[in-house]
Amino acid sequence: MKNRAIRKVAVVGSGVMGSRIACHFAGIGVQVLLLDIVPQELTAAEQARGLTLQDKAVRNRIVNDALQATLKGKPSAVYTKEIASHVQTGNLEDDIAKLADCDWIIEAVIERLDIKQKVFEKIEQHRKQGTLITTNTSGIPIHLMSEGRSEDFRQHFCGTHFFNPPRYLRLLEIIPAPDTKQNVIDFLMLYGDKHLGKTTVLCKDTPAFIANRVGVFGFMAVFHAMQQLGLTVDEIDALTGTVMGRPKSATFRTGDVVGLDTLVHVAKALPQNVPNDEAKDIFKLPPFLEKMVENKWLGDKTGQGFYKKVKAEGGKSDILTLNLQTMEYGPKVKTKFATLETAKPVDDIAQRLKLLCAGQDKAGDFYRLFHQMLFAYASNRIPEIADELHKIDDALKAGFGWEIGAFESWDALGVAKVAEQMKAAGIAPAAWVEDMLAAGNNTFYKTENGQRKYYDVGTKTYKAIPGSGTFILLEHLDEQVVWKNSACKLHDIGDGVVALRWSTKMNSIGGEVLEAVQKSVAIAEEKYNGLVIANSGANFSAGANVGLIFMFAAEQEYDELDMAIRQFQNTTMRLRYSSIPVAIAPHGMTLGGGCEMCLHADAVQAAAESYIGLVEMGVGLIPGGGGTKEMVVRASDRNIKEDIELNYLQQLFINIGTAKVSTSAHEAYELSILRKGTDSVSVNPDRRIADAKRKILQLHEQGYTQPAPRNDIKVQGRSGLGALMAGIHGMWRGNYISDYDKFIAEKLAHVMCGGDLSGPTIVSEQYLLDLEREAFLSLCGQRKTLERLQSILQTGKPLRN
């Protein structure tokens, strides 16, 4: 079969999921046709304008309103606003013939089998042979939907279950129908991974597929454990959030966001569709949930759920919590458990889980009970919903935002130990777990020669996780460590390339990290072809170690502080002027010093969900690791007329002055943090290190040459300084910035214009670095900067003083 290309996608159904799926495809550059039904009656506004049901604006009202609501929604469904131009809207009467031009048609209408079947009948009249046709159902059996359709339709039909919001939740469940061709399945698995950035999981056509089957059980197990142990809503959300490796919204806040009607729908349907499920009693709705549905307290969509936002005295908003005993709302109650206090400071999720489950208070009882129920349920779903255990973990992590999967958690806690505890508690794991342990296999996962393997229940052997060779996961390469210190490891990732990663609180950058970067460059120059810098965890780096800066500044250790700033500057310049190519592969938050490192790399291979920016102004400082200097260099390199050049400098000044952070890697191009033609984006974050490695090898093969230090940077001097100062004064007079913000902004303007020079002048990078360092040091001596630094350390939020 010839290679399949996806140039245009049609999405039929413009509801919340349909519009967001359309935006996600548009975000990767695909043309999208978004269709929905024609309205049956006019709105009052349409009548007032004299429109009729035949006017195009009316006929496309449903689809256009849905798309606009999605584009205005938060968090944003698109990487940049311009992406919306890739989406063409229409309706299922006037525009359905356009389906003949599409390579992939995705059905995303209401979850009713009869309606879906009618839509498919209509689609088949216009779909060209060989076109992919998939459904976004979250649970309707796939095999029922294509009944009565042609052979070609059935061969190219499949379930593609996106999770909401599709830009941020990475799971894409692929569910073949009985007649789906293998090459169609293979294509969808690869396309979802490579182009849509998804964790693609091949599922069986079983009720709720994989993620919702186990994930919704997880919700119901929490409710069960809460009632058994007498815990409250506030206590459960404190126990089941980030400390447990779950999203910040934890259990009940997540329920409010998703909608309790959705949760209840799945929970009710599962026992009916799988009557032999051994845990069907857990899916029984607790009385409080039935009462909430009866009251229409469904969460955010109805204004109240487990939480309720009210206006307090003075007009401020307040959040009340539902008491599940009295069914009345009251003030949130601060939760305190000794187990939580012990575990919270531990960064490693596996070690943290051990502490949580070892707790001797009610929190510890909850963690033990919940995990035992989860492990029993997940193990008993094999081979019913999946033959391979890693699919369950992949689905839970990518679809529900879990940091660690069920079987990974069991490994962390000790499989044999927990299995004995489960049996003692009367919660039996699946028989195959006992068989695995009896055969001397004590873990579900293991790493051999840098390759991660899972225990295969069918063959009773360990097998490599399919597709894992595509990704480079540094945390699994401990056998290939070239050099390390207490915070960092340098790995050999093959083909003459090394990769550096570090593990600190929020992956912040301190002395050990700077030492490691310098050492890694030196090692790469001596023995390798290039260096990749990347990290694991939720974020690349939150920036420089603020605690260290505060300590030096508070104790007025200005010589130490000066040395630390010089070390940072020397490190970023070492990245810029090494004899081997350096690529940085950021993801998540890439702030302050993390951003400055990216600015000095030969190439950046950013995950699409990278939030990059120079944020130092928020803590009363300016970028001091070469970031301010580099923005001036980029302004200078714009070979355009002086007046436009100054406008560009002003824009870069505003970006730094407002601590602007990109909302995606794509927006980072607009902020001049990423460079078109040099830096690239990996939609799938798991591919970014392998992509960065390829970039290094390309640079090496092209004959990489060490750049020469820059002595040709044009700065604007007083002519630029006057314009920037006028802008600062206007912001201050308009009460948009405080007196101290004005003071810091003037320092920044001084550096970005090259100091007090009479006019435009050519200077060197070192000249700008010296100005940058002097300004940074002078700000560290200010009381209000110390107050801001202290606020960040104590509350995580900058103080506006």
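In what order do the 3 strands of the open sheet with β12 run, and is the pairing parallel or antiparallel? In this predicted model, the order is β12-β13-β14, and the pairing is antiparallel. The edge positions go to β12 (445-448) and β14 (461-464), and each of these has just a single partner strand, so one side of each is left without a neighbour in the sheet. On average, and with direction ignored, neighbouring strands here are turned by 40° against each other. Looking at the first pair in that order, β12 and β13 (residues 451-456) run antiparallel and are joined by 4 bridges. Within this pairing, Y445 sits opposite Y454 in β13.

Another open sheet of 3 strands is found at β9-β10-β11, again in that order and with antiparallel pairing. Its edges are β9 (307-311) and β11 (328-331); with a single partner strand apiece, each is left with one side that has no neighbour in the sheet. For this sheet the average turn between neighbouring strands is 45°, direction ignored. The link from β9 to β10 (residues 317-323) is made by 5 bridges, with the two strands running antiparallel. One of the facing pairs puts V310 opposite D318 in β10.

Turning to helix packing, α18 (residues 406-413) and α19 (residues 415-424) pack with their axes 6 Å apart, at an angle of about 100°. Since angles from 65 to 115 degrees count as roughly perpendicular, that is how α18 stands to α19. On the α18 side, the contact is made by W410, D411 and L413, which meet V415, K417, V418, A419 and M422 in α19. Sorted by class, the residues of this contact come out as 6 nonpolar and 2 charged, with no polar ones. The charged pair can be picked out by name: D411 in α18 and K417 in α19.

Now for the empty space. The second largest pocket holds about 1,100 Å³. Its lining takes in 45 residues, and A542, G543, A544, N545 and V546 are the closest to the pocket's centre. Several elements give two or more residues to that lining, namely the helices α21 (511-527), α22 (546-554), α23 (558-576), α24 (593-599) and α32 (783-795), along with the strand β20 (588-591). What does each contribute? The largest share, 7 residues, comes from α23. As for chemistry, the pocket lining breaks down into 25 nonpolar, 16 polar and 4 charged residues.

Closed spaces turn up as well: the count comes to 3 cavities of 30 Å³ or more. The largest of them has a volume of about 60 Å³. Around this largest cavity sit L614, M631, L652, N655, I656, K660, L671 and I673. Helix α26 (residues 642-657) supplies the largest share of that lining, with 3 residues. These are L652, N655 and I656, going by the span of the helix. By class, the lining of the largest cavity has 6 nonpolar residues, 1 polar and 1 charged. The polar one is N655 and the charged one is K660.

Key. Residues numbered from 1 in each chain as written. Predicted model: local features only at pLDDT ≥ 70, side-chain atom pairs only at ≥ 80, totals over all residues. Heavy atoms only, no water. 1 Å grid on protein atoms, 1.4 Å probe; cavity = no way out; pocket = protein on both sides within 12 Å on 5 of 7 lines; lining within 4 Å. Points joined across faces, edges and corners; volume = space filled by probe spheres on them. Pairing = 2+ DSSP bridges. Axes fitted to C-alpha atoms, helices over the stretch in contact; angles between N-to-C directions. Parallel < 35°, antiparallel > 145°, perpendicular 65-115°, else oblique. Contact = heavy atoms within 4.5 Å.
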